[in-house]
Amino acid sequence: METRPPLPPFTAESAAQKVRAAEDGWNSRDPTRVAVAYTPGSVWRNRAEFLTGRAEIEAFLKRKWARELDYRLIKQLWAHDGNRIAVRFAYEWHDADGHWFRSYGNENWEFAADGLMQRRIASINDLPIAESDRLFHWPQGRRPNDHPGLSDLGL
């Protein structure tokens, strides 16, 4: 049986670890790596799009990262209880025409006993920004440990 620690029920520490692991996965921009963190029948709502299962998740992420270029994400734990975690996040990206955006949102996560996410509900808003207003400047990939988080950046 596949497991993905930390496992529920979550403590503040293990929930924060889960959030950072998710952030790291998404910053890899590897749809396959991200999709395997979800149960085979995981159910998503992402904005107004509804997905079920790893194949749909992986296809969605391929489309997302083909459109959202130079993607960099920061997640922050908001709350946790039992097998659920609430997260707030922001990410910066630009489109093919070079227009920059900061996307803000909240996610509600529900985990199976094996630590795989079985439900993800995401609400997201996009704010056009000038390139000079960007705050996320680390090299593509994992956010460095010493890079400020959302609260430190005033987001």
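Here are a few worked exercises on this structure, which is a predicted model.

**Exercise 1: the main core**

Task: Find which residues touch the most other members of the largest nonpolar core, and which elements build that core.

Solution. Start with the members themselves. The largest nonpolar core holds 27 residues, and Trp26, Tyr38, Trp44, Leu61, Ile85, Tyr91 and Trp109 touch the most other members. Next, go through the elements. Those giving two or more residues are helices H1 (12-28), H2 (31-35) and H3 (54-67), along with strands E1 (38-46), E3 (69-81), E4 (84-94), E5 (100-111) and E6 (117-129). E4 provides the largest share of this core, with five residues.

Now zoom in on Ile85. Leaving aside residues up to four places away in sequence, Ile85 touches Phe10, Ala15, Lys18, Val19, Leu77, Ala79, His80, Glu107, Asn108, Trp109 and Phe111. Finally, don't miss the second core: a separate set of five residues that includes Ala90, Phe136, Trp138 and Leu150.

**Exercise 2: the faces of H3**

Task: Work out how the buried residues of H3 are arranged around the helix axis, and what they pack against.

Solution. First check the helix span. H3 has 14 residues and runs 20 Å from its first C-alpha to its last, close to the 20 Å expected at 1.5 Å a residue. Then pick out what is buried, meaning under 20% relative accessible area: in H3 that gives Ile57, Phe60, Leu61, Lys64 and Trp65. Looking down the axis of H3, these buried residues fall within an arc of 120°, so they line one face of the helix. Flip to the other side of H3 and you meet Ala55 and Ala66, which are exposed.

As for partners, the buried residues of H3 pack against H1, H2, E1, strand E2 (49-52), E3 and E4.

One more H3 residue is worth a look. Arg63 sits in this helix and counts as partly exposed, because its relative accessibility is 41%. Its C-alpha lies 9.6 Å from that of Pro31, although the two are 32 residues apart along the chain.

**Exercise 3: H1 and what follows**

Task: Describe the span of H1, list its buried residues, and say what comes after the helix.

Solution. Span first: H1 has 17 residues and reaches 25 Å between its first and last C-alpha atoms, close to the 24 Å expected at 1.5 Å a residue. Then burial: Ser14, Ala15, Lys18, Val19, Arg20, Ala22, Glu23, Asp24, Gly25, Trp26 and Asn27 are the buried residues of H1. After the helix comes Arg29, whose phi is positive, near 55°.

**Exercise 4: empty space**

Task: Count the cavities of 30 Å³ or more, then say what lines the largest cavity and the largest pocket.

Solution. Rolling a probe the size of a water molecule over the atoms shows where empty space is left. The count comes to one cavity of 30 Å³ or more. The largest cavity contains about 60 Å³ of space. Its lining is made of Trp26, Asn46, Phe60, Lys64, Tyr71, Leu73, Lys75, Phe89, Tyr91, Glu107, Arg120 and Ile124. H3, E3, E4 and E6 each give two or more residues to that lining, and E3 gives the most, with three.

Now the pocket. The largest one has about 250 Å³ of space. It is lined by 15 residues, of which Arg4, Lys18, Ala21, Ala22 and Ala37 are the closest to its centre. The elements giving two or more residues here are H1, H2 and E5, and H1 supplies the largest share of the lining, five residues.

Definitions and conventions: Residues are numbered from 1 along each chain as its sequence is written. This is a predicted model: local features need pLDDT of at least 70, side-chain atom pairs count only at pLDDT 80 or more; totals for chains, interfaces and linings use all residues. Side-chain values use heavy atoms; hydrogens and water are left out. A nonpolar core is a set of buried Ala, Val, Leu, Ile, Met, Phe, Trp, Tyr and Cys residues joined through side-chain atoms within 4.5 Å. Buried means under 20% relative accessible area, exposed over 50%, partly exposed in between (1.4 Å probe, protein chains only). Helices (H or I, at least four residues) and strands (E, at least two) are DSSP runs, numbered from the N terminus. Contact means heavy atoms within 4.5 Å. The expected span of a helix is 1.5 Å times one less than its number of residues. The arc is that of the directions from the helix axis to the C-beta atoms. On a 1 Å grid over the protein atoms alone, a cavity is a set of points where a 1.4 Å probe fits but cannot get out, and a pocket is an open set with protein on both sides within 12 Å along at least five of seven lines; lining residues have an atom within 4 Å of a point. Grid points are joined across faces, edges and corners, and a volume is the space filled by probe spheres set on the points.
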